[in-house]
Amino acid sequence: MLVVAVALMVATDRLTVPDAEVAAETTEAAVPSPSGYSTFSDEYVVLRHPRGWDPLDATEGARRFQPGTLSEFRFTSPSGEHQVCLSVFELEEDEERTAREHQEGWESDLMEYSSISEWQRLSLEDVPSTPPGWDTSHMEVTYHNSGWDQPDRWMLWRYTVIAKESRGYYLQFNVPASEQGEYAPAVEEVFGSFEPVL
């Protein structure tokens, strides 16, 4: 089973690391929850995430499902019902699939994941405004996953291929479907802050 299926499950462990605070904080009026952001970085990516959603390093476990995984982190809200997943993959030498083709393949595999049902793709779009050399697609879905306390889910999922670096970058924001509107500013903040270390 691909690591993307595992990433849809609730992370049960926590790993706390020091957070670098972002100077520009979001007010509670603009984003009811979360109310601020911290910066995460490793050797592959820099990313802002909601403050208090401490990163869990899931890299070793992810490699059992997808050997090409270079890095995987999950940022989960204190309630356990909201999650940002970030994975970096090493592409195979002869890899020629587009970002969109990667996502379509993973989507097909998820249909066989026993806890997931009622999968509805709302959109799958190529992102034309990315830097030169990037191939990026966004997929927006709703689905039901009995592994969550709130099983009706909404997810925005971006995959970026940077062929020059032979890397793929997976970023996902996953919340209860009923809270999609409330979390829209946080989704925009997280996705807008994504920056590969090249």
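Is R121 buried, partly exposed or exposed? In this predicted model, R121 has a relative accessibility of 37%, so it counts as partly exposed. Its salt-bridge partner is a good way into the rest of the picture.

That partner is E107: the two side chains meet in a salt bridge, with 2.6 Å from N to O. E107 sits in helix α3 and R121 in strand β7, so the pair ties together parts that are 14 residues apart in sequence. Unlike R121, which is partly exposed, E107 is buried, with a relative accessible area of 8%. Side chains of opposite charge can pair when their charged atoms come close.

Helix α3 itself deserves a look. The helix runs over residues 99–110, and at 1.5 Å a residue its 12 residues should span 16 Å; the C-alpha atoms at its ends are 17 Å apart, which agrees. Its buried residues are A99, H102, Q103, W106, E107 and L110. Looking down the axis of α3, these buried residues fall within an arc of 135°, so they line one face of the helix. The general pattern helps here: an α-helix has 3.6 residues a turn, so residues three or four places apart point the same way.

One residue on that list is H102, which belongs to helix α3. With a relative accessibility of just 3%, H102 counts as buried. Setting aside residues up to four places away in sequence, H102 touches L91, E95, R97, Y159 and V161. With R97 there is also a polar contact, side chain to side chain, at 3.1 Å.

Back to charged pairs: the structure holds 7 salt bridges in total. Another one that involves α3 joins the side chains of D126 and R100, at 3.8 Å from N to O. This pair links distant parts of the chain, with D126 in strand β7 (residues 116–126) and R100 in helix α3, 26 residues apart. D126 is partly exposed, at a relative accessible area of 45%, and R100 is partly exposed as well, at 27%.

A further salt bridge joins the side chains of E189 and R48, at 2.6 Å from N to O. Here, too, distant parts of the chain are linked: E189 is in helix α4 (residues 180–193) and R48 in strand β3 (residues 45–50), 141 residues apart. E189 has a relative accessibility of 22% and so counts as partly exposed; R48, at 26%, also counts as partly exposed.

Terms used. Residues are numbered from 1 along each chain as its sequence is written. This is a predicted model: local features need pLDDT of at least 70, side-chain atom pairs count only at pLDDT 80 or more; totals for chains, interfaces and linings use all residues. Side-chain values use heavy atoms; hydrogens and water are left out. Helices (H or I, at least four residues) and strands (E, at least two) are DSSP runs, numbered from the N terminus. The expected span of a helix is 1.5 Å times one less than its number of residues. Buried means under 20% relative accessible area, exposed over 50%, partly exposed in between (1.4 Å probe, protein chains only). The arc is that of the directions from the helix axis to the C-beta atoms. A polar contact is a pair of N or O atoms within 3.5 Å; within protein, one must be able to donate a hydrogen and the other to accept it, and residues adjacent in sequence count only if both atoms are side-chain atoms. Contact means heavy atoms within 4.5 Å. A salt bridge is a side-chain nitrogen of Lys or Arg within 4 Å of a carboxyl oxygen of Asp or Glu.
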